[in-house]
Amino acid sequence: MKKIIDKIYLFLIFAFLYAPIFVLIVFSFNNSKLKGSWAGFTLKWYKNLFNDPAILSSLWTTIIVAVVATLVSTIVGTLAAIAINELKGVSKTAILNINYLPVINPDIVTAVALMGFFGLINLKMGYTTMIISHIVFCIPYVILSILPKLSQLQKNTVEAALDLGATPFYALRYVVIPQIKPAILTGALMAFTLSIDDFAISFFNTGQGVSNLSITIYSMARKGINPSINAVSTIMLVVLLILLLIINKRSEKQNTNKKINEV
């Protein structure tokens, strides 16, 4: 009986969490612009999506910024995590505390601080400032995703590779990186989703004519949300879900092959 009650509680929790997403998907096929009424099934909002230059432009901006920010923050975050893992004592604690600050701080604090910094160095607001802001915002999360995996590594493996003549770069590439690859992928996915989702960082660090999806939706909110936004949100959700399934499938396959090789 207790197990049944626990399952019911679990179902209710997940239903509460994912009900808004389910409603968004359903209303992306609604024939009416009204949010609270169902007027029949239609695909016209998906068709209108590809004929709306404002939404398409903001979507491409969102994807470009997210991809660049993910690549750079993953590379920098991985190297930083490896370096932090090698530190000891007070210096390691100090750097970790500094890394926690952007994570604990509200997004708007980081956004305003970056805006002030760009103004101080007279950097023109636009694509460049938005990308830099997203990179700075994502790096701490990548570091925090990779550090736990690094702490589980056996240092004897790296030391053995160095003793056998491997250069530090060779040991990093062929010994360390393969073992922390799942954590790197997790950090990259987190950076990608944070970049796509973020509004405050983008809003305060963009320039004229540069608008991502979150800023476009915010601008539309005053006049009423275009139902095509539901369509683009559904497409992005499906793409991310497929990407997650592929990565999980590959991880399971790699773990299975590893167990077979160990046997």
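Thr74 is in contact with Val142, Ile184 and Ala188 once residues up to four places away in sequence are set aside. In this predicted model, Thr74 belongs to helix H3 and counts as buried, because its relative accessibility is 10% and the limit for burial is under 20%.

Helix H3 spans residues 53–86 and also supplies the largest share, 10 residues, of a nonpolar patch. The patch lies on the surface and consists of Trp60, Ile63, Ile64, Val67, Val68, Leu71, Val72, Ile75, Val76, Leu79 and Tyr127. Together these residues have about 930 Å² of accessible area. Ile64, one of the patch residues, is located in helix H3. With a relative accessibility of 40%, Ile64 is classed as partly exposed. Helix H3 thus carries both Ile64, which is partly exposed at 40%, and Thr74, which is buried at 10%.

At the level of the whole protein, 12 helices and zero strands are assigned. The order of elements along the sequence is α-α-α-α-α-α-α-α-α-α-α-α. The C-alpha atoms occupy a box of roughly 70 × 65 × 35 Å along the principal axes. Of the 263 residues, 33% are buried. The protein exposes about 16,700 Å², and 70% of this area comes from carbon and sulfur atoms. Among contacts with a separation of 6 or more, 70% join residues that are 24 or more positions apart.

An instance of contact between residues distant in sequence is provided by Ala231, a residue of helix H12 (residues 228–262). When neighbours within four places in sequence are left aside, Ala231 is in contact with Ser28, Trp45, Tyr46 and Leu49. The C-alpha atoms of Ala231 and Lys47 are 9.2 Å apart, although the two residues are separated by 184 residues in sequence. The relative accessible area of Ala231 is 0%, so the residue is classed as buried.

Aromatic pairing was examined next. The structure contains nine aromatic pairs. In one of them, Phe199 and Tyr218, the ring centres are 5.0 Å apart and the planes meet at 45 degrees, so the pair is tilted. Phe199 lies in the loop between helix H9 (181–197) and helix H10 (200–204), whereas Tyr218 is in helix H11 (residues 213–220); the pair therefore ties together parts that are 19 residues apart in sequence. Both rings belong to partly exposed residues, with relative accessibility of 28% for Phe199 and a relative accessible area of 38% for Tyr218. A further pair is formed by Phe203 and Phe204, with ring centres 5.5 Å apart and planes at 85 degrees, so this pair is edge-to-face. The angle of 85 degrees is over the limit of 60 degrees for that class. Phe203 is partly exposed at 35% relative accessibility, and Phe204 is partly exposed with a relative accessible area of 25%. Phe199, Phe203, Phe204 and Tyr218 are linked by ring pairs into a cluster.

The loop between H10 and H11 contains Thr206. The side chain of Thr206 reaches the backbone oxygen of Val210 at a distance of 2.5 Å. Beyond neighbours within four places in sequence, Thr206 is in contact with Met125, Gly126, Met130, Ser211 and Ile215. Thr206 is counted as buried because its relative accessibility is 18%, and the class requires a value under 20%.

A further loop residue is Asn122, located between helix H5 (107–120) and helix H6 (127–151). Asn122 has a phi near 60 degrees, which is a positive value in a residue other than glycine. Most residues other than glycine have a negative phi. Asn122 counts as exposed, since its relative accessibility is 69% and the exposed class begins over 50%. The two loop residues therefore fall into opposite classes, with Thr206 buried at 18% and Asn122 exposed at 69%.

Note on methods:
Residues numbered from 1 in each chain as written. Predicted model: local features only at pLDDT ≥ 70, side-chain atom pairs only at ≥ 80, totals over all residues. Heavy atoms only, no water. Helix = DSSP H or I, 4+ residues; strand = E, 2+ residues; numbered from the N terminus. Buried < 20%, exposed > 50% of the residue type's maximum accessible area, 1.4 Å probe, protein only. Contact = heavy atoms within 4.5 Å. Phe/Tyr/Trp six-rings, centres within 6.5 Å; stacked < 30°, edge-to-face > 60°. Patch = residues over 30% accessible without salt bridge, like charges linked within 9 Å, V, L, I, M, F, W, Y side chains within 5 Å. Areas by Shrake-Rupley, 256 points an atom, 1.4 Å probe, with all protein chains shown as cover. Salt bridge = Lys/Arg side-chain N within 4 Å of Asp/Glu carboxyl O. Polar contact = N/O pair within 3.5 Å; in protein donor to acceptor, adjacent residues only side chain to side chain.
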